[in-house]
Amino acid sequence: MRRIISALLISISSTLALAQGAQPLQLADGAPDRHVVVAGDTLWSIAAKFLKDPYRWGELWKLNATEIKNPQRIFPGQVLALDRSGTQPRLKLVTVKEPRREYVEPLRKGIPSIPPQDIEPFLSEPRVLEPGGLASAPRVVALQGDRVIAGSGDTIYTTEVTAQHKTWQLFRQGKPLLDPESGETLGHEAVYLGTARMIKGGVPSSFLVTSSVQEIVRDDRLLAAPRQDVVDYVPRAPTKLIRAKILGMYSGVSFGGPQSVVTLNRGRADGLEPGHVLAADVAGKAVVNRYQGDRSDYQLPDARNGLLFVFRVFDRVSYALIMHATQPMSVGDTVRTP
């Protein structure tokens, strides 16, 4: 009995310690009492109106873990009210009486987590492949009219394809993604070339190139286009400590700011999920101070630079959108659980 009571006391003490360690929600400066949801709003943009840390949106809604992964849809026209009466602020929907209207669209679309136009290509186009991921994919063996390059509207011929898919995508093997800490190959970046539709199977199989962003040549590969997922997860911090490095910026640039897409060297195997928010820091500078002939060296503390929203996760690599940054982020920067 004493052991049971002791165990209960330890459990209660641990729970209280965790509760005391949780920082209270901080409202954004000028947080409104109400907000009418309009087309173009996102969960992130609304959260930023109410909170200094938008990734704590689920706490403001008092959502549980299941609701965070399958959040309640918020639709344009709804009114969100901020309740400040308790010890912690809370957000809720309020009922507003409106006259009956007829809508042309029978179904309303809920607002997304982040701007879809910023990440749309990364949802429909796979960008990271396992080593050898293209080895078994159909290969381009010839081009229409014995051409050297092909583009939109041209016919290409490939090794035999038996699978029936509505849309195919064309890729070329890209550079390996190397972990800057271990030097290990995490995957290979696939260079997206365009889309194609199968005209005829057999040996060889025939495809019509329906769109192209780069020239298509012999030995390029085809993959079936994946289903496009809608990013509707509630922004939230990971439940475990995660530290990652920025492997690269989209378009090959070295620096990026808000709405830039970055590649991270952590993925599903490390506990990252779509909707996770990570913080980026600016490393504190080493400062030399001279006073009355004496020299003192100081290392300034790291400072918060911005936040990133993870929207697509592979096994060991992820893509994230920079939501806020006070200074440009660069390849090699460290990001972590906020």
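Buried means under 20% relative accessible area, exposed over 50% and partly exposed in between, with a 1.4 Å probe and protein chains only. This is a predicted model, where local features need pLDDT of at least 70 and side-chain atom pairs count only at pLDDT 80 or more, while totals for chains, interfaces and linings use all residues. Residues are numbered from 1 along each chain as its sequence is written, and side-chain values use heavy atoms, with hydrogens and water left out.

**Exercise 1.** Work out what kind of aromatic pair Trp44 and Phe309 make, and what the pair ties together.

*Solution.*
- Start with the count: there are 5 aromatic pairs in the structure. Rings of Phe, Tyr and Trp (its six-membered ring) pair if their centres lie within 6.5 Å; planes under 30 degrees apart are stacked, over 60 edge-to-face, the rest tilted.
- Now the geometry: the ring centres of Trp44 and Phe309 sit 6.4 Å apart with planes at 90°, so this pair is edge-to-face.
- Next, place them: Trp44 is in helix α2 (residues 43-50) and Phe309 in strand β17 (residues 303-313), so the pair ties together parts 265 residues apart in sequence. Helices (H or I, at least four residues) and strands (E, at least two) are DSSP runs, numbered from the N terminus.
- Last, check burial: Trp44 is buried at 8% relative accessible area, and Phe309 is buried too, at 0%.

**Exercise 2.** Do the same for Trp168 and Phe207.

*Solution.*
- The pair is edge-to-face, with 5.8 Å centre to centre and 80° between the planes.
- Trp168 belongs to strand β7 (residues 168-178) and Phe207 to strand β9 (residues 205-212), 39 residues apart.
- Both Trp168 and Phe207 are buried.

**Exercise 3.** Trace the closed barrel and find where β17 fits in.

*Solution.*
- The barrel has 6 strands, in the order β11-β13-β18-β17-β14-β20, and the pairing is antiparallel. Two strands pair if DSSP finds at least two bridges between them.
- Zoom in on β17: strand β14 (residues 277-282) pairs with it in the antiparallel sense over 6 bridges.
- For one bridge, take Asp281, whose partner in β17 is Arg304.

**Exercise 4.** Find which residues touch the most other members of the largest nonpolar core.

*Solution.*
- A nonpolar core is a set of buried Ala, Val, Leu, Ile, Met, Phe, Trp, Tyr and Cys residues joined through side-chain atoms within 4.5 Å.
- This one has 21 residues, and Trp44, Ile114, Phe309, Phe311, Tyr319 and Leu321 touch the most other members.
- At least two residues each come from α5 (116-124), β14, β17 and β18 (318-325).
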